[in-house]
Amino acid sequence: MENNVTEFIFMGLSQNEKVQQLCFFLFLLFYMTLMTGNFLIIMTIQRSPNLNSPMYFFLSFLSFVDICYSSVTAPKLIIDSQAKVKSISFVGCMVQLFFSHLFGCTEIFILTVMAYDRYVAICKPLRYMTIMDRKVCSILVVTCWLGGFVHSFIQTILTVQLPFCGPNLIDHYFCDVHPLLKLACTETYMVGLTVIANSGMISLSCFVILMGSYIVILLSFKTRSSEGRRKALSTCASHITVVILFFVPCLFIYLRPSTTFTEDKMVAVFYTIITPMLNPLIYTLRNTEVKNAMKRLWVGRLLDRNKRDSGVKLSGTGIACIVPVSKRVAGNKSVITS
């Protein structure tokens, strides 16, 4: 069957104009907070010499992926909340599908790598820097990107070859696999099973590995001192919070047959916007090292700038006071000479 669809129309989160106006301001605030928080984490880690451990290396990449992931869907959602017709071209839809799965799957793999990093740091502290050296960390990050690319390529190829002959109305706010399968003019049962095997099983297997690693970490606390237990528990608690907020919605969406529910749009908001926005808050509020580094880097720089500005004002005032005095002395000398 031929593909007669050249563009798709999003239904968005709501058809109510007042709700759309609320969504515009709300998600604009969310997106600005997301961009600012993740950018601050990246800059703080890059400019702080004491944040050079593998955990912060992976955290900076997680913040970068969060920025990219949300930028695939959030700007379009914000713009469409002010548009009467929420349209996207067929090519643009496939591009959005590819990059949303690329960054989403890459984030899943990075979270899994971060759990492994915490396992090595807590359970094998003496060998931590030997096992997780910079070369190994770089290889793990590249592997995450390659895994995300392969996953996204399969999802996009499966979807782009489907015939779409109408209607072209997508009950969502971005292009995803399940809403597009619903519009295809052919049987999509096998494609739906492949999506479950690709997206659902990746999410489920990584989630099981993550929770298993954190269970092992929690069991190892019995042999630790109270201070070491408190610090390790604080670090793991932030990681577990992010994992639950990101993985539970993903499992709800992708670990089921190719059916769509009205709740899918709100659930998708959690893993595309809410979780990337909360990641900086979760990691900074529960991490003393990051909070102290931010204070030294940003608050200290602001205080230094204020000191320089006040110094310039004082020096300017001093010059202004001295000049009239020198003129009066010169004037007095001229009077005495005459």
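Is Gly-147 buried, partly exposed or exposed? Gly-147 counts as partly exposed, because its relative accessibility is 21% and the buried class ends under 20%. The points below take the chain as a whole and then return to the helix that holds this residue.

1. Nature of the model. The structure is a predicted model. The remarks that follow should be read as descriptions of that prediction.

2. Overall make-up. The chain contains 10 helices and 3 strands. In sequence order, these elements follow the pattern β-α-α-β-α-α-α-β-α-α-α-α-α. Of the 338 residues in the chain, 48% are buried. Among contacts with a separation of 6 or more, 81% are between residues 24 or more positions apart. The area exposed by the chain is about 17600 Å², and carbon and sulfur atoms supply 69% of that area.

3. The sheet. The 3 strands make an open sheet with mixed pairing, and their order is β2-β1-β3. The edges are taken by β2 (87-89) and β3 (169-170); each has a single partner strand, so one side of each lacks a neighbour in the sheet.

4. Pairing within the sheet. Strand β1 covers residues 7-10 and pairs with β3 in the parallel sense, over 2 bridges. In this pairing, Ile-9 is placed opposite Leu-169 of β3. The strands β1 and β2 run antiparallel and are joined by 3 bridges. Here Glu-7 is the residue that stands opposite Ser-89 in β2.

5. A helix against the sheet. Which helix packs on the sheet, touching β1, β2 and β3? This is helix α3, residues 90-123. The direction of helix α3 makes about 90° with that of β2.

6. Gly-147 and its surroundings. Gly-147 is found in helix α5, which spans residues 134-160. Apart from neighbours within four places in sequence, Gly-147 is in contact with Cys-105 and Phe-109. Gly-147 and Ile-108 are 39 residues apart along the chain, and their C-alpha atoms are separated by 9.9 Å.

7. His-151. Helix α5 also holds His-151. This residue counts as buried because its relative accessibility is 5%, against a limit of under 20% for that class. Leaving out neighbours within four places in sequence, the contacts of His-151 are His-101, Cys-105, Asn-198, Ser-199 and Ile-202. Cys-105 is thus a contact of His-151 and also of Gly-147.

8. A nonpolar patch. Which residues make the nonpolar surface patch of about 500 Å²? They are Phe-149, Val-150, Phe-153, Ile-154, Ile-157 and Val-160. Ile-154 has its place in helix α5. Why can Ile-154 belong to a patch while being partly exposed? Its relative accessible area is 34%, and patch members need over 30%. The same value puts Ile-154 in the partly exposed class, because that class lies between 20% and 50%.

9. Salt bridges. How many salt bridges does the structure hold? There are 4, and three of the pairs are described here, beginning with Lys-76 and Asp-80. Their closest N and O atoms are 3.4 Å apart. Both residues lie in helix α2 (residues 54-80), where a spacing of 4 residues is about one turn of the helix. Asp-80 is buried, because its relative accessible area is 5%.

10. Asp-117 and Arg-118. The side chains of Asp-117 and Arg-118 form a salt bridge with an N to O distance of 3.0 Å. Both Asp-117 and Arg-118 are buried.

11. Asp-264 and Arg-256. A salt bridge also links Asp-264 with Arg-256, and here the closest N and O atoms are 2.5 Å apart. Are these two partners buried or exposed? Asp-264 is buried, with a relative accessible area of 6%. Arg-256 is buried as well, at 10%.

Definitions and conventions
Residues numbered from 1 in each chain as written. Predicted model: local features only at pLDDT ≥ 70, side-chain atom pairs only at ≥ 80, totals over all residues. Heavy atoms only, no water. Patch = residues over 30% accessible without salt bridge, like charges linked within 9 Å, V, L, I, M, F, W, Y side chains within 5 Å. Areas by Shrake-Rupley, 256 points an atom, 1.4 Å probe, with all protein chains shown as cover. Buried < 20%, exposed > 50% of the residue type's maximum accessible area, 1.4 Å probe, protein only. Pairing = 2+ DSSP bridges. Contact = heavy atoms within 4.5 Å. Axes fitted to C-alpha atoms, helices over the stretch in contact; angles between N-to-C directions.
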